[in-house]
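Biologist: I'd love a close look at one part of this protein. Could you walk me through the ligand sites and the elements around them, step by step?

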Amino acid sequence: MNKLEKIKKENIKDHIPIIMDDTLEKIYEIIGNKKLDRILEIGTAHGYSALCFSKMLSEQGKIDTIERSHDNVEKAIKNVKTMKLDKKINIIEGDAVDVLPTINNKYDLIFIDAAKGKYPFFLEQSLRLIKKGGIIFADNILYKGYVMSDYNKHKQRTAVTHLREYIKLVTENQELETEILDIGDGLAVSKMK
Ligand code: SAH
Ligand code: MG
C-alpha cells in the first residue's frame with residue numbers, strides 16, 4: 001500500500017468524510033491533462049483531497065486549503081509532510097467565513113467542501129476568486145438525496161435550504177456554465193466563462 005492509500009485508510013477509520021472516488025475521478029476527467037497553477041480548497045479535514053489534487057498542479061503550482069478545526073489542521077500538516085508536499089500545499093487555519101474575504105489570489109480550481117449552510121457565501125467569495133475559464137466544484141451538493149426530496153428532518157433542513165440556494169444561484173448566473181452531477185454525494189460543476 002502506498003502512502004496516500006494509507007492516509008485514505010486512516011481517514012476512513014477516523015470517519016472523516018473524504019472525497020468519494022467517483023467524485024475525484026470526475027474532477028480529474030474534467031480537468032484532463034491541463035496543469036493548474038492555483039487551487040483553493042474550503043474544508044481540508046486531514047488533507048486527503050488536497051493530496052489527491054496535487055497531481056493536477058503545474059511545476060510551480062500551489063494549493064491553498066482552509067480548515068477551522070485545529071486538530072484537523074495538525075493532522076493535515078502531518079500528512080502533507082509525510083507526502084513531502086508541504087511546499088505545494090498551504091494549510092490556512094481559520095473559519096473560511098473569516099479567511100476567504102482576506103484572500104486576493106485568483107484560482108484555476110476551487111473545491112467547496114465545508115459547512116453546507118455556508119455554501120451561498122462560499123460561492124459569493126469563489127466568484128470573486130475564480131479565474132476566467134476556472135471551475136468551481138461544490139461537493140455534497142445533493143446531500144444524501146435530501147436536496148431533491150421534499151421530506152427533510154429538522155436537522156437537515158437548514159443545510160438543505162442553503163444547498164438548494166447554491167444550486168439556484170449557480171444555475172441562474174449567466175457567467176457560469178453549470179452541471180449538477182449525481183455522483184458521490186452530488187457534485188456541482190460551474191465553469192466561469
Ligand atoms: N476535503 C476533505 C474533507 C473535508 S470534510 C477531503 O475530501 O479529504 C469538511 C471539513 O470542513 C471538516 O474538517 C470541517 O472541520 C471543515 N469546515 C467546516 N466548516 C468550515 C468553515 N466554515 N471553515 C473552515 N473549515 C470548515
Ligand atoms: Mg465532501
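Modeller: Happy to; I'll begin at the ligands, move on to the metal and a long-range neighbour of its donors, and then follow one helix and a few loops. Please keep in mind that this is a predicted model.

Let's start with ligand 1. There are 20 residues around ligand 1, and Ile-19, Gly-43, Ser-49, Glu-67 and Asp-113 come nearest. Several of the polar approaches come from the backbone. At Ile-19, a backbone N or O atom lies 2.8 Å from an oxygen atom of the ligand. Gly-43 offers a polar backbone atom 2.8 Å from a nitrogen atom of ligand 1, and a backbone N or O atom of Arg-68 lies 3.2 Å from a nitrogen atom of the ligand. On its own, ligand 1 has 590 Å² of accessible area, and the protein covers 91% of that.

Just along the chain from Gly-43 is a spot worth rotating into view. Ala-45 sits in the loop between strand S1 (36-42) and helix H3 (48-53). Its phi is near 55 degrees, a positive value in a residue other than glycine. Most residues other than glycine have a negative phi. Ala-45 has 18% relative accessibility, under the 20% limit, so it counts as buried.

Now the metal. Ligand 2 is a magnesium ion, and its protein donors are Asp-113 (OD), Asp-139 (OD) and Asn-140 (OD1), lying 2.1 Å from it. Asp-113 deserves a second glance, as it is also one of the residues that come nearest to ligand 1. If you want to find the magnesium donors in the sequence, look for the spacing D-x25-D-N. Both Asp-139 and Asn-140 are buried.

What packs against these two donors from elsewhere in the chain? One neighbour is Gly-186, which is in contact with Asp-139 and Asn-140, and also with Ala-138, Ile-141, Leu-142 and Leu-181, leaving aside its neighbours within four places in sequence. Gly-186 belongs to the loop between S6 and S7. With 0% relative accessibility, Gly-186 counts as buried. The pairing with Leu-142 shows how the chain folds back: 44 residues separate the two in sequence, yet their C-alpha atoms are 4.6 Å apart.

Going on along the chain from Leu-142 brings us to Lys-144, in the loop between S5 and H7. Lys-144 has a positive phi of about 55 degrees although it is not a glycine, as we saw at Ala-45, where phi is near 55 degrees. The surroundings are another matter: Lys-144 is exposed, with a relative accessible area of 62%, whereas Ala-45 counts as buried.

That loop leads into helix H7. Its 19 residues, 154-172, should span 27 Å at 1.5 Å a residue, and the end C-alpha atoms are indeed 27 Å apart, so the two values agree. The buried residues of the helix are Gln-156, Ala-159, Val-160, Leu-163, Tyr-166, Ile-167 and Val-170. They pack against strands S4 (107-112), S5 (130-139), S6 (176-181) and S7 (187-192), and against helix H6 (119-129).

Two of those buried helix residues are worth following outward. Gln-156, in H7, counts as buried because its relative accessibility is 6%. Its side chain makes a polar contact of 3.4 Å with the side chain of Tyr-146. Beyond its neighbours within four places in sequence, Gln-156 is in contact with Tyr-143 and Tyr-146.

Val-170, for its part, is among the contacts of Leu-176, together with Leu-127, Ser-190, Lys-191, Met-192 and Lys-193, when neighbours within four places in sequence are left aside. Leu-176 is in strand S6, and at 6% relative accessibility it counts as buried.

To finish, here is a contrasting spot on the way into S4. Asn-104 lies in the loop between helix H5 (96-99) and S4. With a relative accessible area of 64%, Asn-104 is exposed. Not counting residues up to four places away in sequence, Asn-104 touches Arg-128 and Leu-129. The side chains of Asn-104 and Arg-128 are joined by a polar contact of 3.3 Å.

Notes
Residues are numbered from 1 along each chain as its sequence is written. Chains are lettered from A and ligands numbered from 1 in the order in which they are written. This is a predicted model: local features need pLDDT of at least 70, side-chain atom pairs count only at pLDDT 80 or more; totals for chains, interfaces and linings use all residues. Side-chain values use heavy atoms; hydrogens and water are left out. Helices (H or I, at least four residues) and strands (E, at least two) are DSSP runs, numbered from the N terminus. The expected span of a helix is 1.5 Å times one less than its number of residues. Buried means under 20% relative accessible area, exposed over 50%, partly exposed in between (1.4 Å probe, protein chains only). Contact means heavy atoms within 4.5 Å. A residue is near a molecule or strand if one of its heavy atoms lies within 4 Å of it. A polar contact is a pair of N or O atoms within 3.5 Å; within protein, one must be able to donate a hydrogen and the other to accept it, and residues adjacent in sequence count only if both atoms are side-chain atoms. Accessible areas come from the Shrake-Rupley method with a 1.4 Å probe; for residues, only the protein chains shown count as cover. Donors are N, O and S atoms within 2.8 Å of the metal (3.2 Å for Na, K and Ca); water is not among the atoms, so sites may look incomplete.
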